[in-house]
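Visitor: I'm new to this one. Could you pick a single part and take me through it slowly, starting with a bit of the setting?

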Amino acid sequence: MINFDLENTLFCGQSFCWRKEGEFYVAVLNNKVYRINEKSEIEDPFLIHYLDMDFDYQLALSKIRKMDPFLDEAVTKCNEIHILNQDLWETIIGFILSQNNNIKRIEGLYDTLCRTYGNEVEEGYFSFPRPHMLKDVTEEDLRNLKVGFRAPYILDAIKNAQVLLSIEDKDDREADEILQSVKGIGPKVSSCIRLFSLHRLNAFPKDVWIKKIMKLMFEGKDESIFYPYAGLAQQYLFHYARLGYLPEV
DNA sequence: CACCAGGCCGTGC
DNA sequence: GCACGGCATGGT
């Protein structure tokens, strides 16, 4: 039985691969189709780690609640959201697609990449393509898939896939440096990748929503007030705001 | 028609 | 160092 908020976790904008199909949430991960819901007994070690079920969220959330009343409210409304341990490569491309884009369209582009270059692991279900499956892709190919100006960025990531996939055991500063050496990866995308695939909990992605909230609710302060759970706090603020709870300006 | 979306790049100062 | 326009696409 799942004892955290699965729906908020899967649809709070950290992942682009989950779909709702009937009573299940469905995604292709780890080269197979996963179908889960709130009643699922999660025993697969891959899923336990992916869903971050070994992390002490009771402790983290009790600390976060004490940091700020607005944040406390966000945790109350959004329940227990987990930070996923997603595949590094899939997260890199996913968040390159995210820039100056909206979540619906990011999901669509992500799905198109799977259908075009991934493996069909079950009829109608495609994996996200590994770097070697993309080695012959051209900019024109990608533009035909409607990724727009992100096409050369994706190509640069493919070209540098090997070094990109070596950042798992690098420290934050060096990981950031390697990530941002790729064209199209700046500070925001880099921090998303570190947070949502490497579980670097102090990474604090500053998108338009977060910038708005920080200005509105935490004027003059920065993410260090949320250490050592800045990334988790960020995700609550982001999701809470997107649900429509941003106070009127 | 405008403006926006989980930004970043190139240029100019 | 910071400010600005441009960028593909689709939605409102």
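**A close look at helix α6**

Guide: Let's start with the whole chain. A compact globule of 249 residues would have a radius of gyration near 18 Å, and chain A agrees, because its own value is 18 Å. Keep in mind that this is a predicted model. Along the principal axes, the C-alpha atoms of chain A fill a box of roughly 50 × 40 × 35 Å. Inside that box there are 13 helices and five strands, and 53% of the 249 residues are buried. If you take the contacts with a separation of 6 or more, 64% of them link residues 24 or more positions apart.

Now for the helix itself. Helix α6 runs over residues 103–117, so to speak a stretch of 15 residues. From its first C-alpha to its last it reaches 21 Å, close to the 21 Å expected at 1.5 Å a residue.

Which residues of α6 are buried? They are I103, I106, E107, L109, Y110, L113, C114 and Y117. These buried residues sit on the same side of α6, because they cover an arc of only 165 degrees around the axis. There's a general pattern behind that kind of spacing: an α-helix has 3.6 residues a turn, so residues three or four places apart point the same way.

And what lies over that side? The cover on the buried residues of α6 includes β1 (19–21), α5 (88–97), β5 (125–126), α7 (139–144) and α13.

That last name, α13, leads us to the core. The largest nonpolar core has 87 residues, and W18, L51 and I92 are those with the most contacts inside it. Helix α13 (residues 230–245) gives the most to this core, with eight residues. The core also draws at least three residues from each of domain 1 (6–84 + 204–245) and domain 2 (88–198).

Take L51, one of the residues with the most contacts in that core. Setting aside neighbours within four places in sequence, L51 is in contact with F4, L6, L10, I36, I42, H82 and L84.

For a last comparison, go back to I106, one of the buried residues of α6, and pair it with I213. The two are 107 residues apart in sequence, and their C-alpha atoms are 23 Å apart in space. I213 belongs to helix α12 (residues 208–217), and it counts as buried because its relative accessibility is 0%. Not counting residues up to four places away in sequence, I213 touches F70, F218, L237, F238, A241 and L246.

Technical notes
Residues numbered from 1 in each chain as written. Chains lettered and ligands numbered in written order. Predicted model: local features only at pLDDT ≥ 70, side-chain atom pairs only at ≥ 80, totals over all residues. Heavy atoms only, no water. Core = buried A, V, L, I, M, F, W, Y, C linked by side-chain atoms within 4.5 Å. Buried < 20%, exposed > 50% of the residue type's maximum accessible area, 1.4 Å probe, protein only. Helix = DSSP H or I, 4+ residues; strand = E, 2+ residues; numbered from the N terminus. Domains from an automatic or database assignment. Contact = heavy atoms within 4.5 Å. Expected span 1.5 Å × (residues − 1). Arc of directions from axis to C-beta. Rg over C-alpha atoms; globule rule 2.2 N^0.38 Å.
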